[in-house]
Amino acid sequence: MTRDQDPGKGPSVDRVSTRKRRDKALGMETAISRRDLLHDAALTTLGLTVGSTLPVDALAAGPGTSDVSVGRGPQPESYPPTRTGLRGSHPGAFEVAHGLAREGKAFPEPEDLEESYDLVVVGAGISGLAAAHYYQQRFGSDARILLLENHDDFGGHARRNEFHQGGPMVLSMGGTHNLEWWKFSKTVKGFLGEHGVNLRAMRKKKDFAYGRSAPNSPAMWFDKDTYGEDRLVANCDLTERLGPDLIDQLPISTAGRETFKAFYAGRKNVLEGYDEDEAEEYLRSISYPEFLRRHGGLTEDAIQLFAKQEHGGWGVEMRALSAMEAMEDGAPGLHLLGGGWDRDGWDYPVAMWPDGNASLARLQVAKLIQEVAPGTTADNVALAEFAYDQLDRPEHAVRLRLNSTVIRTENTDDGVAVSYVNDGRVLRVKAKHGILACYHVIIPHLFPELPKAQREAMKYQVKHPLVLTNVLLRNTDALDKLGIDNVRCPGRLHDSLFTFRGINTGGYEHDLEDKGPVSLVFWGSISPPDSAVDVHSQLRASRAQMLGLRFEDYEREVRTVLDGLLGPAGFDVQRDVLAITVNRWPHGYAYEYLDLWDEDWPDGEAPHEIARQPFGRWAIANADAGASAYTHVAIDEAFRAVRELPTPA
Ligand SMILES: Cc1cc2nc3c(=O)[nH]c(=O)nc-3n(C[C@H](O)[C@H](O)[C@H](O)COP(=O)(O)OP(=O)(O)OC[C@H]3O[C@@H](n4cnc5c(N)ncnc54)[C@H](O)[C@@H]3O)c2cc1C
């Protein structure tokens with residue numbers, strides 16, 4: 001949060017005109033009125049209606065930077081991946097669910113569509129799509145399946161961002177992207193094989209390394225608003241051993257720099273006398289900042305530099321993690337526990353597509369409904385054309401209905417029933433079976449008959465908010481001049497940014513050396529206020545902040561960073577920003593149990609295990625059911641859920 005965004009202070013006239021001047025310099029001015037209009041119109045309409053017709057597509061197309069330059073390629077009206085502006089949980093997607101869950105809103109009696117299926121799936125993320133696949137395997141490939149999804153695109157967190165504003169198509173990821181193949185179960189390996197995915201081949205075609213390829217990367221950028229001056233510190237990675245010369249460049253207090261020098265040079269085992277178990281128990285009982293304070297001797301301003309370091313990896317503040325969890329994830333400190341600095345360098349050998357795991361979701365859809373993208377294979381999926389008008393056709397065995405928020409799920413005498421809101425209408429369909437592949441926290445609101453203990457367990461699994469903002473840059477000239485492609489910005493909204501190129505899979509090619517246009521990914525979460533103490537409060541406060549920010553807040557933020565960071569190297573923020581897509585995920589990573597906040601539950605008694613119990617003809621999928629925020633877990637959980645469905649009478 002920058003000072004400008006502090007919601008607590010009403011702006012004075014002076015501040016407003018300063019803001020306007022600044023916005024103009026940042027290249028925002030021309031687009032602002034249009035953005036405001038659309039955003040406000042969307043919220044007003046959505047707040048007032050349920051039961052009236054809602055132009056979801058028009059709203060969801062949302063405020064974009066299409067004003068900045070005229071887009072080419074498939075048009076956003078019929079093709080969601082090219083939509084810019086506020087995406088992820090976009091306007092039009094979440095209001096019905098919030099009305100239900102937050103305001104206890106009552107909905108009119110549903111209109112019976114007289115559609116009947118073998119399976120209805122709530123949520124068309126990786127898990128929901130995988131559930132449809134496993135259902136076909138168990139009950140036959142001609143099974144009639146309906147997937148209901150509240151967003152205007154399928155894939156859940158697997159979201160494709162497709163840009164044409166700079167000429168040739170540039171792909172970027174909007175959410176999940178890493179395939180951590182070394183953790184895959186036999187089920188997941190089989191699933192990928194069934195979709196034609198060759199992970200080994202994919203890895204060979206990936207040069208991308210989170211933008212750590214430029215000579216001065218990774219770097220840190222300290223901004224004027226927070227640190228009193230804009231300063232870029234090259235080759236500065238707090239997880240590596242920093243030398244005194246580098247530390248002297250950090251714009252923190254002199255005392256802070258001195259404590260940093262002592263910390264990085266330290267060799268003494270600060271837990272001398274503890275045996276291994278005692279040391280681990282202790283390190284799991286204190287937060288990482290507390291470890292730095294007590295045993296690293298760091299001042300508060302030095303500790304603060306680590307505060308957002310795990311925004312991307314965990315979606316939480318560093319204070320939510322134990323010292324052990326943080327160090328297991330690479331935070332420095334092992335050298336004060338008898339360890340050394342002898343790491344083999346940065347190595348994260350994941351497989352990836354150029355639109356992240358959206359390509360996996362596309363492969364799933366293309367297999368389930370072949371007419372959507374005939375001839376699609378793992379080798380051409382990134383380039384394949386997807387006909388969204390084929391997703392929901394009565395003549396196909398599998399139908400995928402977008403813009404449809406489920407508000408009620410039930411067991412009936414002969415199967416299940418589902419009510420949902422689509423285009424302002426409340427509708428009802430029936431099926432023999434149901435799979436809930438949506439987030440756990442919404443399920444108690446859809447299914448009040450679930451046992452109380454199960455509903456409570458679901459509510460416990462608060463998801464971690466994440467934001468991934470893609471900024472299409474005209475070229476990489478300024479980045480190249482500075483020799484950077486991966487930067488941490490500890491004072492800014494998004495903690496880190498990196499260029500996204502060097503992934504040549506799915507038929508797409510984007511050379512690591514390509515000079516542009518290129519997507520610069522701004523990546524992280526949003527810091528909750530200090531008053532949010534326990535992790536559940538932190539996650540909820542972070543989500544509230546995320547939802548409170550409008551598109552122009554994110555836009556102003558990224559333009560401010562680009563101007564301060566790259567402006568001195570010739571980047572013209574008015575000219576060189578071609579498009580901005582904010583993928584905000586208020587319900588991001590699945591809740592994973594953390595040392596400081598969660599019990600060590602006996603087998604079978606952890607919240608996710610209680611939460612995922614089948615109920616009548618319903619079973620529960622989604623990464624929440626595995627309490628693990630991974631794409632492969634979403635697949636494993638779909639497999640389990642389909643297996644748990646009862647055989648129809
Ligand atoms: C930004 C981000 C980056 C990530 N990166 C990675 C990564 O690199 N690697 C990795 O393995 N994992 C990553 N993850 C974790 C990711 O959550 C999982 O990988 C996986 O995509 C989860 O799939 P899912 O189907 O279980 O859930 P989701 O993707 O959340 O899909 C569930 C769908 O159900 C919909 N839904 C919810 N309620 C309703 C309702 N009432 N009616 C209709 N539809 C509803 C949701 O909107 C959503 O579209 C990332 C997550 C995020 C947010």
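Helices here are DSSP runs of H or I with at least four residues, numbered from the N terminus. Gln-364 belongs to one of them, helix H15, which covers residues 358-368. The model is predicted. Its side chains form 42 salt bridges, and a few of these are described below, together with a negative surface patch and the surroundings of Gln-364.

**Gln-364 in helix H15**
- Gln-364 has a relative accessible area of 1%, so this residue counts as buried, the limit being under 20%.
- Outside the four places on either side in sequence, the contacts of Gln-364 are Ile-126, Leu-129, Ala-130, Phe-191 and His-195.

**Salt bridges between distant parts of the chain**
- Arg-492 pairs with Asp-225 in a salt bridge, with 3.5 Å between the closest N and O atoms.
- This pair spans 267 residues: Asp-225 sits in helix H8 (residues 224-227), while Arg-492 is in the loop between strand E14 (486-488) and strand E15 (496-500).
- Arg-492 is buried, because its relative accessible area is 2%.
- Both residues also take part in a network of salt bridges that links Arg-22, Asp-223, Asp-225, Arg-492 and Glu-557.
- A salt bridge also joins Arg-474 to Asp-576, where the closest N and O atoms are 3.5 Å apart.
- Arg-474 is in the loop between strand E13 (464-473) and helix H18 (477-482), and Asp-576 is in the loop between helix H20 (551-566) and strand E17 (577-589), so their salt bridge ties together parts 102 residues apart in sequence.
- The two partners fall into separate accessibility classes: Arg-474 is partly exposed at 38% relative accessible area, whereas Asp-576 is buried at 2%.

**A salt bridge within one helix**
- Arg-293 and Glu-290 form a salt bridge through their side chains, at an N to O distance of 2.6 Å.
- Both residues are in helix H12 (residues 288-294), where three residues, about one turn of the helix, separate them.
- Arg-293 is partly exposed, with 34% relative accessibility.

**Negative surface patch**
- Asp-275, Glu-276, Asp-277, Glu-278 and Glu-281 make up a negative patch on the surface.
- One of its members, Asp-275, lies in the loop between helix H10 (254-265) and helix H11 (276-283).
- Asp-275 has 42% relative accessibility and therefore counts as partly exposed; patch members need over 30% relative accessible area.

Methods: Residues numbered from 1 in each chain as written. Predicted model: local features only at pLDDT ≥ 70, side-chain atom pairs only at ≥ 80, totals over all residues. Heavy atoms only, no water. Salt bridge = Lys/Arg side-chain N within 4 Å of Asp/Glu carboxyl O. Helix = DSSP H or I, 4+ residues; strand = E, 2+ residues; numbered from the N terminus. Buried < 20%, exposed > 50% of the residue type's maximum accessible area, 1.4 Å probe, protein only. Patch = residues over 30% accessible without salt bridge, like charges linked within 9 Å, V, L, I, M, F, W, Y side chains within 5 Å. Areas by Shrake-Rupley, 256 points an atom, 1.4 Å probe, with all protein chains shown as cover. Lys, Arg positive; Asp, Glu negative; His and termini not counted. Charge placed at Lys NZ, Arg CZ, Asp CG, Glu CD. Contact = heavy atoms within 4.5 Å.
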